[in-house]
Amino acid sequence: MASAAKSLASCIFCKIIKAPEQQATFRATSSSNPSCPSHLDIGPLFKGHALVIPKYHAEKLHELPDEYLNDILPIAKKIAIAQGAENYNVLQNNGRIAHQEVPNVHFHVIPKPSESDEQGLVVGWPVQKFEKDELQKIYDDIKLKL
């Protein structure tokens with residue numbers, strides 16, 4: 001049974017979903033049920049930077065009912081193709097310290113037109129070293145919880 005769409009009156013994304021004429025909105029639905037409208041980001045990192053926002057309000061991905069996840073990646077794929085970018089990022093953050101600015105699940109599709117730090121998403125990747133036995137313990141702990 002599908003979960004009824006949930007919204008939060010104070011959430012900017014919920015407001016946009018209810019009144020899409022206030023935002024540059026387009027539909028890239030992958031099914032007859034448009035559970036995830038897509039919009040251009042108002043603070044884009046590059047031309048065409050888009051958002052895919054499930055119609056169910058959840059602050060973090062693990063709080064979103066599974067049926068609202070069905071269309072997200074097919075929609076992001078269609079947007080990436082339509083953007084025409086050979087290179088792009090699909091990004092989703094959870095929590096303020098993980099760089100989530102709006103506390104509502106959303107996915108960014110961001111064209112990355114060059115290697116320059118001046119265009120598109122710029123990402124640092126502070127690699128950490130773990131011993132093989134420590135990696136095995138981490139793996140076992142996660143696998144046990146799945």
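Helices, at least four residues long, and strands, at least two, are taken here as DSSP runs and numbered from the N terminus.

**Figure 1. Overview of the protein chain in the predicted model.** With helices and strands assigned in this way, the protein chain contains three helices and five strands. Followed along the sequence, these elements come in the order α-β-β-β-α-β-β-α. The chain has 146 residues, and 33% of them count as buried. The views that follow look at a helix, two salt bridges, the largest pocket and some single residues.

**Figure 2. Helix α2 and its buried face, residues 72-83.** Helix α2 is built from 12 residues, and the 16 Å from its first C-alpha to its last is close to the 16 Å expected at 1.5 Å a residue. Along this helix, Ile72, Ile75, Ala76, Ile79 and Ala80 are buried. Looking down the axis of α2, one finds these buried residues within an arc of 140 degrees, so they line one face of the helix. Lys77, Ile81 and Ala82, by contrast, lie on the other side of α2 and are exposed. Just after the helix comes glycine 84, which takes a positive phi of about 75 degrees.

**Figure 3. The salt bridge between glutamate 101 and arginine 96.** This pair forms one of the two salt bridges that the structure holds. Side chains of opposite charge can pair when their charged atoms come close. Between glutamate 101 and arginine 96, the closest N and O atoms are 3.1 Å apart. Both partners are exposed, glutamate 101 as well as arginine 96. Glutamate 101 also appears in the view of the largest pocket, where it is among the lining residues that lie nearest the centre.

**Figure 4. The salt bridge between lysine 137 and aspartate 141 in helix α3.** Here the closest N and O atoms of the two side chains are 3.0 Å apart. Lysine 137 and aspartate 141 are four residues apart in helix α3, which spans residues 132-145, and are therefore separated by about one helical turn. Lysine 137 counts as exposed because its relative accessibility is 51%, and the cut-off for an exposed residue is over 50%. Aspartate 141, with a relative accessibility of 34%, counts as partly exposed.

**Figure 5. The largest pocket and the residues that line it.** The volume of this pocket is about 610 Å³. Its lining is made up of 28 residues, and those nearest the centre are Leu91, Asn93, His99, Glu101 and His108. The elements that contribute two or more residues to this lining are α1 (12-18), β2 (38-40) and β5 (107-111). Helix α1 provides the largest share, which is three residues. Sorted by class, the lining of the largest pocket consists of 15 nonpolar, 11 polar and two charged residues.

**Figure 6. Histidine 99 in the loop between β4 and β5.** Most residues other than glycine have a negative phi. Histidine 99, although it is not a glycine, has a positive phi of about 75 degrees. The loop that holds this residue lies between β4 (88-91) and β5. Histidine 99 has a relative accessible area of 61% and is therefore exposed. The residue is also one of those nearest the centre of the largest pocket.

**Figure 7. Two buried residues of helix α1, phenylalanine 13 and isoleucine 17.** Phenylalanine 13 is found in helix α1, and isoleucine 17 is found there too. A residue counts as buried when its relative accessible area is under 20%. Phenylalanine 13 is therefore buried, with a value of 7%, and isoleucine 17, at 17% relative accessibility, also counts as buried. Although phenylalanine 13 and valine 105 are 92 residues apart in sequence, their C-alpha atoms are 9.3 Å apart in space. For isoleucine 17 and isoleucine 53, which are 36 residues apart along the chain, the separation between C-alpha atoms is 8.3 Å.

Note on methods:
Residues are numbered from 1 along each chain as its sequence is written. This is a predicted model: local features need pLDDT of at least 70, side-chain atom pairs count only at pLDDT 80 or more; totals for chains, interfaces and linings use all residues. Side-chain values use heavy atoms; hydrogens and water are left out. The expected span of a helix is 1.5 Å times one less than its number of residues. Buried means under 20% relative accessible area, exposed over 50%, partly exposed in between (1.4 Å probe, protein chains only). The arc is that of the directions from the helix axis to the C-beta atoms. A salt bridge is a side-chain nitrogen of Lys or Arg within 4 Å of a carboxyl oxygen of Asp or Glu. On a 1 Å grid over the protein atoms alone, a cavity is a set of points where a 1.4 Å probe fits but cannot get out, and a pocket is an open set with protein on both sides within 12 Å along at least five of seven lines; lining residues have an atom within 4 Å of a point. Grid points are joined across faces, edges and corners, and a volume is the space filled by probe spheres set on the points. Ala, Val, Leu, Ile, Met, Phe, Trp, Tyr, Cys and Pro count as nonpolar, Asp, Glu, Lys and Arg as charged, and the others, Gly among them, as polar.
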